[in-house]
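Student: Could you walk me closely through one helix and its surroundings? I'd like the geometry as well as the packing.

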Amino acid sequence: MLVSAKDMLNKARDGKYAVGQFNINNLEWTKAILQTAQEQNSPVILGVSEGAGKYMCGYKTVVGMVKGMIDSLGITVPVALHLDHGSFEGAKACINAGFSSIMFDGSHLPFEENFAKTTALVNTCDVLGLSLEAEVGAIGGEEDGVVGMGECADPEECKKIADLGVTMLAAGIGNIHGKYPANWAGLSFETLEAIKAKVGDMPLVLHGGTGIPDDQIKKAISLGVAKINVNTECQLVFQEATRKYIEAGKDLEGKGFDPRKLLAPGFEAIKAKVKEKMEIFGSVGKA
Ligand SMILES: [Zn+2]
């Protein structure tokens, strides 16, 4: 069964840990993340970008795959299926397809338009018992072709969106998607503290979790971050493990060409990375 992310994030906020959102791309990704969450007895959020949704043949296919896997793998930890950086249309499509959690990213829109569209979705999600993530202050880097500048969110705007009754709020604090450049200035904890002071109990979301040093992650959690998104890091370890397998010529030995063998090292690498992140975030044993 899929659940809203609301309870798991409120518990994480109170317990001073964070729940990981791990983005999925296919069956192997989904199985690796679900199995690891179960082994670590950790709540988990499966993130699906609009691009990944299209790649996996649409949101209904994703819902069918995830629900089927939860059933056949005997997954009992809380699992939320979450649209990542959704448009208004994408949010409506995922609600119809059976997602349990939605992110509407109106951060690139004029604030009034972001406010109005988030308001409309708060009402829909409330009625259906789904969690809703909103975003203020675009997060830098590239996500599905949209490039932001890594700005810091305006705490007053954060308060206006939080007061609408969203479940959790993503706010730019100098974080970016993808790999961080060598001259990155680090997270802006001044901004995070100012936002926290305005939004009170609202669980905060940290995007672009790949490559943020562990001490900054832990400090962000202590200041109110309850959800951390990890995407690129799983892609990198999958790529590295798959490259090693092929470069070692293992695909040419025996039945090494069998996709179930070819994809196995990448699968195991994702499992190890997800476990490592759950340990850093403190969500192990919190299901
Ligand atoms: Zn993001």
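Tutor: Happy to! Just after α2, N41 adopts a positive phi of about 50°. The model is a predicted one, where local features need pLDDT of at least 70, side-chain atom pairs count only at pLDDT 80 or more, and totals for chains, interfaces and linings use all residues. Residues are numbered from 1 along each chain as its sequence is written.

Back to the helix (a DSSP run of H or I, at least four residues; strands are E, at least two). The 13 residues of α2 should span 18 Å at 1.5 Å a residue (times one less than the number of residues), and its end C-alpha atoms agree with this, being 18 Å apart.

Within α2, the residues W29, T30, A32, I33, L34, T36 and A37 are buried (20 or more other C-beta atoms within 10 Å; exposed is 12 or fewer, partly exposed in between). These buried residues pack against three strands, β1 (19-23), β2 (44-49) and β3 (79-86), and against the helices α4 (59-72) and α12.

The partner α12 (residues 264-281) packs with α2 (residues 27-39) at an angle of about 40°, the axes lying 9 Å apart. That makes α2 oblique to α12 (neither under 35, over 145, nor 65 to 115 degrees). On the α2 side, the contact (C-beta atoms within 7 Å) is made by E28, W29, A32, I33, Q35 and T36. From α12 come G266, F267, I270, K271, V274 and K275. So W29, A32, I33 and T36 of α2 are buried and also take part in the contact with α12.

Definitions and conventions. Axes are lines fitted to C-alpha atoms, for helices over the stretch in contact, and angles run from 0 to 180 degrees between N-to-C directions. Two residues are in contact if their C-beta atoms, placed from the backbone, lie within 7 Å.
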